Amino acid sequence: MRTHVMELQEGDRLRTDVFNRAGLHILPKGTSIHAEEIALLIRQSIDYVDIELREGEVTLNSSKNSSFIQHLRDNFYFTVKGYQTLFLEALTTGKFNQSMVEQHLVPMLEVLDRNRDVVSLLIAFTEEDVNIYNHSLQVGLLSYYIATWLGHPPNECYEISKAGYLHDIGKSQVRQSLRNREHELTGEEREEMNRHTSYGYDIIRRSTGEEVTALVALQHHEREDGSGYPAGLRKEKIHPYAEIVAVANEYIAMTSPDASGSRQDILTVLRNIYNLGFGKLNEKAVQALTTNLLPNFIGKKVKLSNGETATIVWNNPTDIFKPLVQIDEWQFRDLSRERNIDLVHVFM
């Protein structure tokens with residue numbers, strides 16, 4: 001049970017070893033927590049530790065987590081259904097009812113505010129069938145998280161999330177066969193698909209009059225080095241909200257299944273996103289995503305490139321994809337030193 005050090009109770013017992021930011025071993029697993037141990041953890045700037053479940057809390061915690069996931073799913077389906085209504089309205093009339101956006105999106109964001117567990121969110125929807133409706137919602141939700149991590153005030157986080165939610169509304173004006181990617185797109189078909197950004201800009205302006213939200217739809221495929229579309233804009237010309245949505249859109253797209261139904265491992269996706277932060281995607285938004293997701297993997301089982309199974313026990317702040325892992329009770333591997341060994345899979 002991952003617990004903040006200020007919420008530790010007398011007699012709590014560590015479930016895993018504790019390391020400081022320099023990778024030094026501070027406390028062994030099994031340690032009984034008292035005032036001295038809490039003081040040590042605070043001095044070492046350690047915020048969270050993994051403790052054994054307290055007596056009587058197994059059922060309670062399991063029930064709370066199950067309840068949260070179910071509540072999350074209920075709101076997710078409600079908000080996806082709302083987006084489908086917006087999309088079909090835009091398909092037939094070229095605009096949508098602005099009040100429908102708030103009616104469906106705000107309840108979902110309120111659930112996230114009550115429990116900002118982004119890993120639970122990602123796990124909960126990993127197995128969802130991917131279509132344009134739930135893709136758009138997931139981009140909107142992840143955009144909300146990234147905006148929050150970057151320190152945007154609540155009203156801006158909502159606006160960024162809404163822009164992410166609506167970023168692909170222009171695909172309502174693209175042929176269904178292209179939207180569903182039933183085959184590899186030809187050059188001409190690709191050009192038509194790329195016009196969804198301009199269509200989205202027009203639809204949002206007609207529907208809401210919101211220039212910034214429309215700009216996000218127009219610019220979410222632009223890249224800082226000028227290699228994106230539709231205008232080949234460089235960094236200084238791309239709206240900051242569009243840069244956040246672009247990161248969320250790439251992440252959700254990369255975690256979606258390919259034509260064969262297989263998915264990339266989440267670590268592979270994070271590495272790819274991290275690399276795009278050097279010239280294509282906004283560096284700060286990419287770092288916000290990677291640095292806030294990776295710490296949540298502490299305690300997760302992983303497969304190493306040498307075939308071993310291990311547990312992540314500490315994240316290396318100077319080399320985020322080379323953590324310290326524990327093989328068994330006594331054996332550890334510091335992947336920042338053993339450079340020939342990589343993480344290849346996280347067991348979610």
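Okay, let's start with one residue: I146 touches I244, V247, A248, A285, A288 and L289, leaving out anything up to four places away in sequence, where touching, or contact, means heavy atoms within 4.5 Å. Apart from the core that I146 sits in, there's another core, of twelve residues, with V5, L8, V18 and I26 among them.

Before I go on, a word on what we're looking at. This is a predicted model, so local features need pLDDT of at least 70 and side-chain atom pairs count only at pLDDT 80 or more, while totals for chains, interfaces and linings use all residues. Residues are numbered from 1 along each chain as its sequence is written, and side-chain values use heavy atoms, with hydrogens and water left out.

Back to the cores. The largest nonpolar core has 74 residues, and I146 and Y251 are the ones with the most contacts inside it. By nonpolar core I mean a set of buried Ala, Val, Leu, Ile, Met, Phe, Trp, Tyr and Cys residues joined through side-chain atoms within 4.5 Å. Buried is under 20% relative accessible area, exposed is over 50%, and partly exposed is in between, using a 1.4 Å probe and protein chains only. In soluble globular proteins, nonpolar side chains tend to be buried together.

Now the whole chain. We have 13 helices and nine strands, taken as DSSP runs numbered from the N terminus: H or I of at least four residues for helices, E of at least two for strands. Of the 348 residues, 48% count as buried. Of the contacts with a separation of 6 or more, 62% are between residues 24 or more positions apart. The accessible surface comes to about 17,000 Å², and 49% of that belongs to carbon and sulfur atoms; that's the Shrake-Rupley method with a 1.4 Å probe, and for residues only the protein chains shown count as cover.

Next, the sheet. Five strands make an open sheet in the order β8-β7-β6-β5-β9, with antiparallel pairing. The edges are β8, at 332-334, and β9, at 343-347, and each of those pairs on one side only. Two strands pair if DSSP finds at least two bridges between them. Take β5, residues 301-304: four bridges join that strand to β9, and the two run antiparallel. Within that pairing, K303 has H345 in β9 as its bridge partner.

On to charges. Side chains of opposite charge can pair when their charged atoms come close. The rule here is a side-chain nitrogen of Lys or Arg within 4 Å of a carboxyl oxygen of Asp or Glu, and by that rule the count is 14 salt bridges.

Two of them involve the loops around our sheet. D319 and R339 meet at 2.6 Å, N to O. That pair links distant parts of the chain, with D319 in the loop between β6 and β7, R339 in the loop between β8 and β9, and their positions 20 residues apart. Then K322 and D342 also form a salt bridge, at 2.6 Å, N to O. K322 lies in the β6 to β7 loop and D342 in the β8 to β9 loop, so this pair ties together parts that are 20 residues apart in sequence. Buried or exposed, what is K322 at 6% relative accessibility? K322 counts as buried, whereas D342 is partly exposed at 32%.

Over to the helices. In α8, residues 187-194, the buried ones are E189, E192, M193 and N194. Their cover includes α7 (176-179) and α9 (196-208). One of those buried residues, E192, has a relative accessible area of 15%, and its side chain meets R175 in a salt bridge of 2.9 Å, N to O. E192 is in α8 and R175 is in the loop between α6 and α7, so the pair ties together parts 17 residues apart in sequence. R175 itself is partly exposed, at 43%.

Last stop: K162, in helix α6. E159, K162 and E210 are linked in a network of salt bridges. K162 is buried, with a relative accessible area of 7%. And what does K162 contact, leaving aside neighbours within four places in sequence? That would be V101, L105, E210 and T213. One more for K162: G140 is 22 residues away in sequence, and 6.2 Å away in space, C-alpha to C-alpha.

That's my tour, thanks.
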